[in-house]
Amino acid sequence: MQEKYIDETKQGEAFAIAERPENSKKLFLESYGCQMNFSDSEIVASILNEQGYNTTMKVEEADLILLNTCSIREKAEQTVRMRLSQFKNLKKEKPNMTVGVLGCMAERLKTKFLEEEQLVDLVVGPDAYRDLPNLLKETDDGRDAINVILSKEETYADINPVRLGGNGVTAFVTITRGCDNMCTFCVVPFTRGRERSRDPHSIIEECKDLANNGYKEITLLGQNVDSYLWYGGGPKKDFAKASEMQKATAVDFAHLLDLVAKAVPEMRIRFSTSNPQDMSLDVFKMMAKHDNICKYVHLPVQSGSNNMLEAMNRQHTREEYLELIRKAKEIVPEVAFSQDMIVGFCNESEDDHQDTLSLMREVEYDYGYMFAYSERPGTPAHKKMEDNIPADVKQRRLAEVIALQGELSRMRMVSYVGRVHQILIEGTSKKNQNQWKGRNSQNAVCVFDKLEGQQIGDIVDVFVYDNTQGTLLGKITE
């Protein structure tokens with residue numbers, strides 16, 4: 001599979017769903033950043049759908065414009081600010097139109113949005129979406145409205161998210177919110193709050209509902225899914241205070257995977273994102289036990305150097321990470337891994353960089369998400385460490401990481417050739433209208449000629465006879 005290098009200047013994605021005839025107002029909702037943001041947008045759309053808003057793809061039609069923002073890197077924030085500036089003329093033409101900023105950037109910058117971006121009327125953090133109806137009443141009365149209070153309890157478990165855009169085949173199901181890990185480079189604990197898990201019964205019911213509505217694959221979603229722990233509610237950090245009965249009946253991530261796999265045996269199951277320090281070998285045992293759990297794990301490491309891992313406050317060593325990979329491959333020999341990698345972190349030496357390259361060679365990742373470090377205000381690294389690696393060095397090291405991942409990706413793609421794979425048809429190939437596209441269990445994209453009688457959502461056996469750098473080429477077996 002082709003290596004993934006994120007274009008942080010990319011504009012957000014807007015989606016629309018079928019209109020309710022009784023709704024009279026229009027919502028333009030655009031999402032940026034991670035899968036959690038897109039999942040949150042589905043919750044927002046569901047809440048506002050009940051408040052009389054139909055979604056629209058045409059921003060000029062909107063009574064309400066909402067940008068669900070990302071704060072993980074500086075370029076992501078710059079992109080949102082540029083996007084907001086594009087609405088200024090529209091706001092002059094439609095003075096009653098409301099413009100709001102949601103998500104991580106709203107939480108991080110809070111009142112600065114109302115002060116600096118004169119056209120923003122509404123600022124809402126990730127845990128305050130239930131308050132949107134009340135906040136919109138305030139803006140209707142001519143007042144700016146803001147709620148960025150972080151919660152220790154909110155999981156939106158009782159809200160049935162609408163499915164924005166998509167293919168009607170794959171869907172996200174959020175199982176955790178927030179993060180407790182406090183990696184020094186990361187702003188997430190400050191923008192999304194403490195880690196808490198969702199009631200497993202509500203997760204299973206949502207998965208069953210998706211299955212009943214024709215969906216064929218779900219991705220269990222969280223900032224750190226491996227840390228999932230349900231003991232009756234509340235933050236994970238308070239588990240030590242739980243009763244003996246709560247501890248005895250607690251559900252961890254491996255147990256949840258088992259429950260979901262049994263509840264929807266006809267659906268494929270993926271999960272993202274994992275954290276090495278919390279990943280249990282029991283998860284891989286569940287992967288081996290259930291055919292419907294895909295044999296793929298996104299397992300960010302960020303660096304191959306123990307010096308950098310310590311500086312980043314990653315709660316594992318290089319050796320522990322590699323041992324986890326080795327044991328995982330023993331349990332699930334066909335498992336595939338992808339990575340997140342940050343180059344040029346504070347004080348990174350050339351030896352540290354070489355450690356990253358050697359770790360990549362040892363793991364043999366299918367693909368990765370690779371970045372040059374950019375410090376985020378408010379993080380421990382920003383407060384206590386100097387961003388002292390020159391830009392040209394960062395870019396050279398990044399280029400080397402991307403080039404190596406390209407080699408590894410091509411090698412991994414070749415390993416899938418000459419075999420039959422089960423492929424879930426997700427849609428038509430963008431390059432050839434006569435071909436389907438889909439993914440195998442290891443998340444590798446495959447294209448193959450359409451045959452009569454197939455449709456989106458079918459799982460078909462495909463013999464892979466060749467590959468390009470980023471795609472498997474196959475043909476359906478008789």
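**View 1. Glu 42 sits in helix α1 of the predicted model.** Helix α1 covers residues 35-49. Glu 42 is buried, because its relative accessible area is 9%, and buried means under 20%. Beyond its neighbours within four places in sequence, Glu 42 contacts Pro 161, Val 162, Arg 163 and Leu 164.

**View 2. The protein chain is divided into domain 1, domain 2 and domain 3.** Domain 1 covers residues 8-147. Domain 2 covers 170-415, and domain 3 covers 417-476. Between the C-alpha centres of domain 1 and domain 2 the distance is 28 Å. To their contact, domain 1 gives 18 residues and domain 2 gives 19 residues.

**View 3. Domain 1 and domain 2 bury about 1,700 Å² between them.** Carbon and sulfur atoms give 52% of this area. Three residues of domain 1 deserve a look here: Gln 35, Met 36 and Arg 73. Together they supply 35% of the area that domain 1 buries against domain 2. No other three residues supply more.

**View 4. Five salt bridges are counted between domain 1 and domain 2.** A salt bridge joins the side chains of Arg 376 and Glu 77, with an N to O distance of 2.9 Å. Polar contacts also cross the interface of domain 1 and domain 2: seven residue pairs, both residues at pLDDT 80 or more. On the side of domain 1 that touches domain 2, the elements giving two or more residues are α1, α2 (74-85) and α4 (104-109). Helix α1 gives the largest share of that side, six residues.

**View 5. Residues 414-478 carry the UniProt annotation "domain: TRAM".** The annotation comes from an unreviewed entry. The C-alpha atoms at the two ends of this span lie 23 Å apart. Strand makes up 51% of the span, and helix 3%.

**View 6. Cys 446 lies in strand β20.** The strand covers residues 445-449. Is Cys 446 buried or exposed? Cys 446 is buried, because its relative accessible area is 0%, and buried means under 20%. Leaving out residues up to four places away in sequence, Cys 446 touches Ile 423, Trp 436, Lys 437, Gly 438, Val 462, Val 464, Thr 471, Leu 472 and Gly 474. Lys 475 is 29 residues from Cys 446 along the chain. The C-alpha atoms of Cys 446 and Lys 475 are 9.6 Å apart.

Key
Residues are numbered from 1 along each chain as its sequence is written. This is a predicted model: local features need pLDDT of at least 70, side-chain atom pairs count only at pLDDT 80 or more; totals for chains, interfaces and linings use all residues. Side-chain values use heavy atoms; hydrogens and water are left out. UniProt positions are given in the numbering used here, feature names are shortened, and annotations may be inferred rather than shown by experiment. Helices (H or I, at least four residues) and strands (E, at least two) are DSSP runs, numbered from the N terminus. Buried means under 20% relative accessible area, exposed over 50%, partly exposed in between (1.4 Å probe, protein chains only). Contact means heavy atoms within 4.5 Å. Domain bounds come from an automatic or database domain assignment. Buried area is the accessible area (1.4 Å probe) that two parts lose on being put together, summed over both. A salt bridge is a side-chain nitrogen of Lys or Arg within 4 Å of a carboxyl oxygen of Asp or Glu. A polar contact is a pair of N or O atoms within 3.5 Å; within protein, one must be able to donate a hydrogen and the other to accept it, and residues adjacent in sequence count only if both atoms are side-chain atoms.
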